[in-house]
Amino acid sequence: MLRRSVIGASLAMAVAMGLAACGSSGSSGGSGDSGSGSKTLRVTLANHVWTENIKAALGDFEKQTGLKVEVTQLGESQLSDQYNVKLNAGASDIDVMMYRPLQEGKLFAKNGYLADLSKDVKANKDWDFSDFQAGPVGTTTYKGKVVGVPIITEREVLYYRKDLLAKAGLTAPPKTLDELKTAAAAVKAADPGVAGFVARTDKSAAVTQFSSFLYSFGGDFDKNGKATVNSDAAKQAYAFYGGLLKDSGPANVSTDMSWPEAMAIFTQGKAAFYTEADSLYKNATDPAKSKVADTVGFAPFPAGPAGSKPYNIPSWALGINANSKNQANAWKFIEWATSKEQTLAQQKAGVPSARTSVWANPEGTSTYPKDLADAIAASAKGGVAHDRPLVVKVSQVREVVGQPIVEAITGKDPAASADTANQAFQKFLDDEQK
Amino acid sequence: MAAVTSPTRSPSARSTSPDPAWSRWANGHRKWLFAAPAMLFVAVLIVIPLTWTIYLSLTDAEGSVRAESSFIGFKNYVDVLSDTDRFWPAVLRTVAFTGIALLFEVVLGMAIALLLWRPFRGQRWVRVAILMPLVATPVAVGMMWRLIFDPNIGMANQVLGWVGIGPQPWLAGRSTALPTTMFIDIWQWTPMVALILLAGLTSLSDEPQEAARIDGASAWQRFRHVTLPLMMPTVIVAILLRGIDALKTFDILYATKGRGGGSFHEVETLNVYAYGLSFDYNEYGVSSAVLIIFFLIIIGLMWALTARRKKEANR
Amino acid sequence: MKSPTAYRAFRVVALAVVVVSLLAPLLWMVAASFKTNVDIYDQSKALVFSPTLENYKKVLRQANYVQFIGNSLWVAFAATVLSLILGVPAAYSMSRFNMKKSALVVLMARVIPGVSLLVPWYYVFSNLRMVGGFTVLILSHMFVSLPLIVYIMMGFFDGLPLELEEAALVDGLTHIGAFRRVTLPLSAPGIATAGILSFIFSWNNFMFALVLSGADTKTLPVAIFDFVGYASIDWGGLMAAATVVTLPIMLIALFVQKYVVSGLTAGATKG
């Protein structure tokens with residue numbers, strides 16, 4: 001009550017100020033009116049190959065529908081900063097939003113930022129919602145309601161250098177994690193200037209790429225509401241991932257690397273093996289970005305004691321702002337952008353999709369390197385549908401469960417750190433159970 | 001101007017206002033008529049958020065500011081002040097960042113100001129060069145240094161290589177990141193301190209200097225015992241102006257290390273911490289408490305410096 | 001220094017070191033903006049490389065920077081003009097009537113951490129249907145500009161002799177008339193200083209624009225992050241973008257050096 005009246009009074013003052021001070025600027029601002037059911041659709045997208053492709057195709061959509069699409073395009077963190085301010089404030093100036101189901105999805109759904117699409121997805125049989133893979137759809141569903149449509153999927157694969165392998169006397173990429181360890185050591189021994197292995201080291205960024213190691217050792221982040229990052233399997237996985245980077249990684253390895261830094265080391269020819277999301281493969285195979293474009297190979301994620309269990313997740317989805325006044329048109333956009341044709345075009349341009357039919361279509365993988373397509377197919381089978389703990393406070397929890405990774409990289413005992421992390425993680429789980 | 005040069009005009013002719021009563025009222029109340037709009041503007045834009053922030057800091061708001069939250073008194077403040085994991089290290093980093101960067105900026109700035117004090121040929125161009133870093137967009141500056149300090153491809157390690165020093169991790173290292181961001185701050189803002197101090201030096205009278213010279217004082221003695229004491233008020237102004245912004249440094253930290261300030265939060269200052277609490281963790285209650293404490297710290301420091309400046313000025 | 005010649009030589013060397021260390025990084029940034037990404041990664045091509053304009057083409061054509069430049073110009077310009085309209089009379093009053101406490105209210109805007117303002121502002125403004133255009137952005141930039149202008153102009157009015165105004169009053173002008181016809185014209189250098197500084201700070205502002213700008217209002221500092229994409233850091237494009245953002249401000253500083261310096265050093269020398 002108190003808050004209401006404070007806001008009310010402030011509003012009145014602000015109105016007065018607005019009239020006094022900024023009438024001039026407001027009117028010259030152009031599209032000031034966030035229209036209700038208007039012809040202008042406001043679409044907020046992240047910097048991504050997907051976005052570039054969709055922007056190029058937008059003309060068709062605008063012609064078909066007579067709508068005008070206004071795209072706001074931002075970097076990943078800047079995007080989430082804006083969402084957190086704008087959606088928090090109940091803004092209606094966003095209609096369609098591109099978001100990360102596993103990162104912000106749960107929080108946004110819980111806060112009621114995402115409109116319920118359950119009816120829309122069933123309306124059009126040709127569009128065919130059942131064509132979307134079950135795993136990704138599960139992550140864009142909250143409490144039985146569909147709140148998003150997955151557009152991009154990712155799996156972890158092994159990037160490697162064919163020439164360095166040959167130099168170290170190896171004929172095939174490693175099939176198991178043990179082989180990977182031996183091969184990485186062999187490469188580094190053959191040429192100390194080249195690292196055997198590189199991967200993300202930033203404690204938060206590394207969590208997703210570490211997850212496949214964790215699953216392949218037989219562990220997981222949590223199970224039935226109990227944190228399990230200090231299980232024997234998890235401790236082994238931490239020690240393995242960190243140890244591999246410590247022993248066979250680049251000299252002076254920083255604990256600050258997300259994929260751009262790790263990818264740079266790989267594409268500069270300074271590492272032989274690299275575990276990373278498949279959706280980034282173009283960075284390694286595009287000669288304009290990579291020095292080693294001709295010698296890059298791909299292999300399925302190596303098997304651990306529990307087999308090869310990479311994650312297989314939707315990294316991005318499209319949703320509709322629950323406060324949007326233009327939801328019908330917003331859905332038209334999503335339906336178009338995720339149609340079979342658009343999805344196929346996207347996938348051919350290097351964006352792995354979530355549609356079964358596109359993967360089944362030979363044309364869908366025609367532009368991919370053969371070994372990458374095979375690796376993806378293999379990963380999709382045994383894949384785990386999450387690459388980070390599924391909680392609301394993902395950011396904090398990622399930092400918690402990522403701590404043992406950096407401890408292991410810097411040569412400390414990850415087991416003790418895993419115990420601490422487990423306790424802290426458990427607290428978050430308990431809080432969310434309440 | 002025309003009015004000044006036509007003193008023969010009669011009082012009735014010179015009135016520019018159509019309504020003398022309004023004009024008389026306006027003239028009588030011009031003090032507030034002039035000052036009030038600006039004050040009101042700032043007050044409204046501060047009071048709403050500040051009231052809001054104080055309110056949030058007393059609740060357990062998280063996830064969304066519109067979500068239901070309950071009043072929990074000063075619990076957030078107690079929690080924050082007893083948090084030795086993130087809060088106090090952030091305070092320490094803020095103080096270290098500001099203190100060390102300022103120290104270098106004042107010492108180097110004074111040196112540059114002394115070099116520029118006496119006129120010489122080409123001085124204008126040196127001044128222009130000095131101006132460049134400080135008008136450059138901080139985010140762009142952050143990006144620029146991020147490339148230069150890149151451990152693998154950056155110019156910094158290459159230059160070190162030429163003189164036989166091995167590569168450094170710079171921004172990427174756990175213990176080197178904070179000093180590196182300090183370096184960036186020093187690079188960008190030493191010029192501003194230098195210009196302020198130069199303005200101070202230029203306004204000094206020559207007499208005390210001359211007197212000391214005649215007494216046979218060395219250059220260092222003249223600086224230490226004549227120039228420096230006279231310059232103290234200006235130095236404090238420079239520290240005040242620069243210090244406020246240094247405490248709130250955000251752009252270069254965000255551009256070089258992203259949200260959260262790195263894997264070990266190695267460059268997480270109070271401002272970065274509060275930003276992360278709000279927009280990464282969505283812990284609005286805790287974040288608000290941190291912001292209020294931060295605000296009080298800044299005001300406290302400013303107040304202390306202003307008091308010191310008054311003392312110096314009155315000596 | 002014992003001998004003047006030795007000192008002169010020392011001074012030349014010392015100044016050269018200062019100038020080089022301040023300018024070299026900026027020149028490095030400009031150089032990198034003319035390189036391909038492959039060349040940037042190749043240390044042997046640090047100084048010798050074949051320049052390319054690709055990055056600038058990318059920045060100006062694909063990345064829509066022409067629009068962002070326009071946005072930045074408009075926001076900085078509008079914020080500066082509106083702040084001058086509010087700030088100059090206020091500074092005059094505060095200086096002439098010695099309103100120290102009132103001045104403190106305005107200067108408080110410089111002290112408060114910006115993070116605490118963002119969510120509440122957006123909440124209030126979106127309820128007023130004022131988001132989606134430039135309004136919120138301009139208001140937030142005024143929040144930076146206004147205190148700066150008040151601060152600089154107060155210092156300026158403090159130094160302006162009262163006699164001329166008094167003469168105008170004797171001449172029969174009203175107080176407001178004297179302000180308008182005598183004081184304001186005399187303050188032109190001060191207003192130029194305050195305006196230029198406010199423009200620079202508004203142009204460079206990042207945090208407010210980061211969360212408050214939208215599709216058609218994005219300003220340059222935020223647009224820089226377009227080159228830190230999901231697919232890779234495009235260093236060449238990033239450096240070209242950084243150059244495009246920084247260059248206009250540097251040119252301004254170059255041509256109106258005097259005003260920039262006097263604005264930055266305002267208040268440095270008064271007791």
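Here is a short walk through a predicted model, one selection at a time.

**Stop 1: chain A as a whole**

Start by showing chain A on its own. You'll be looking at 18 helices and 12 strands. Rotate the C-alpha trace onto its principal axes and chain A spans about 75 × 50 × 40 Å. How does its radius of gyration fit with a compact globule? A compact globule of 434 residues would come in near 22 Å, and chain A has 23 Å, so the two agree. Of those 434 residues, 56% count as buried. Now think about who touches whom: among contacts in chain A between residues at least 6 apart in sequence, 76% join residues at least 24 apart.

**Stop 2: two loop residues in chain A**

Next, zoom in on A:Asp128. You'll find A:Asp128 in the loop that runs between helix H5 (118-123) and helix H6 (134-139) of chain A. Check its backbone angles: phi of A:Asp128 is near 65°, a positive value in a residue other than glycine. That is worth a glance because most residues other than glycine have a negative phi. A:Asp128 counts as partly exposed, because it has 14 C-beta neighbours inside 10 Å.

Then hop to A:Lys143, which sits in the loop between strand S4 (141-142) and strand S5 (145-146) of chain A. Here too phi is positive, near 50° for A:Lys143. Is A:Lys143 buried or exposed? With 8 other C-beta atoms within 10 Å, A:Lys143 is exposed.

**Stop 3: where chain B meets chain A**

Bring chain B back into view and select the contact with chain A. Chain B puts in 27 residues and chain A puts in 29 residues. On the chain B side, colour helix H3 (residues 30-57) of chain B, since the largest share of that side, seven residues, comes from there. Colour the chain B side by residue type as well, and you get 14 nonpolar, nine polar and four charged residues.

**Stop 4: the two domains of chain B**

Stay with chain B and split it in two: domain 1 covers 18-57 and domain 2 covers 84-314. Draw a line between the centres of the two domains, taken over C-alpha atoms, and the separation is 35 Å. Where they touch, domain 1 of chain B offers four residues and domain 2 of chain B offers six residues. The domain 1 side of that contact is made of two nonpolar residues, two polar ones and no charged ones.

**Stop 5: chain C and its annotated spans**

Over to chain C. An unreviewed UniProt entry places the feature "transmembrane region" at several spans of chain C, including 12-31 and 73-92. Select residues 12-31 of chain C first: the span is 100% helix and 0% strand, with its end C-alpha atoms 26 Å apart. Now try residues 73-92 of chain C, which are also 100% helix and 0% strand, with end C-alpha atoms 27 Å apart.

**Stop 6: the nonpolar cores**

Finish with all three chains showing. Which residues of the largest nonpolar core touch the most other members? Out of 229 residues, they are B:Val290, C:Leu146, C:Val150 and C:Ile224. Helix H7 (residues 135-158) of chain C gives the most to this core, with 17 residues. Click on C:Leu146 and look past its neighbours within four places in sequence: its contacts include B:Ala38, B:Phe41 and B:Val42 in chain B, and C:Leu86 and C:Val106 in chain C. Apart from this core lies another, of 75 residues, with A:Ala299, A:Val397, A:Val406 and A:Phe425 among them.

Methods: Residues numbered from 1 in each chain as written. Chains lettered and ligands numbered in written order. Predicted model: local features only at pLDDT ≥ 70, side-chain atom pairs only at ≥ 80, totals over all residues. Core = buried A, V, L, I, M, F, W, Y, C linked by C-beta atoms within 7 Å. Buried ≥ 20, exposed ≤ 12 C-beta atoms within 10 Å, placed from the backbone. Helix = DSSP H or I, 4+ residues; strand = E, 2+ residues; numbered from the N terminus. Contact = placed C-beta atoms within 7 Å. Nonpolar A, V, L, I, M, F, W, Y, C, P; charged D, E, K, R; others polar. Domains from an automatic or database assignment. Rg over C-alpha atoms; globule rule 2.2 N^0.38 Å. UniProt positions renumbered as here; feature names shortened; annotations may be inferred.
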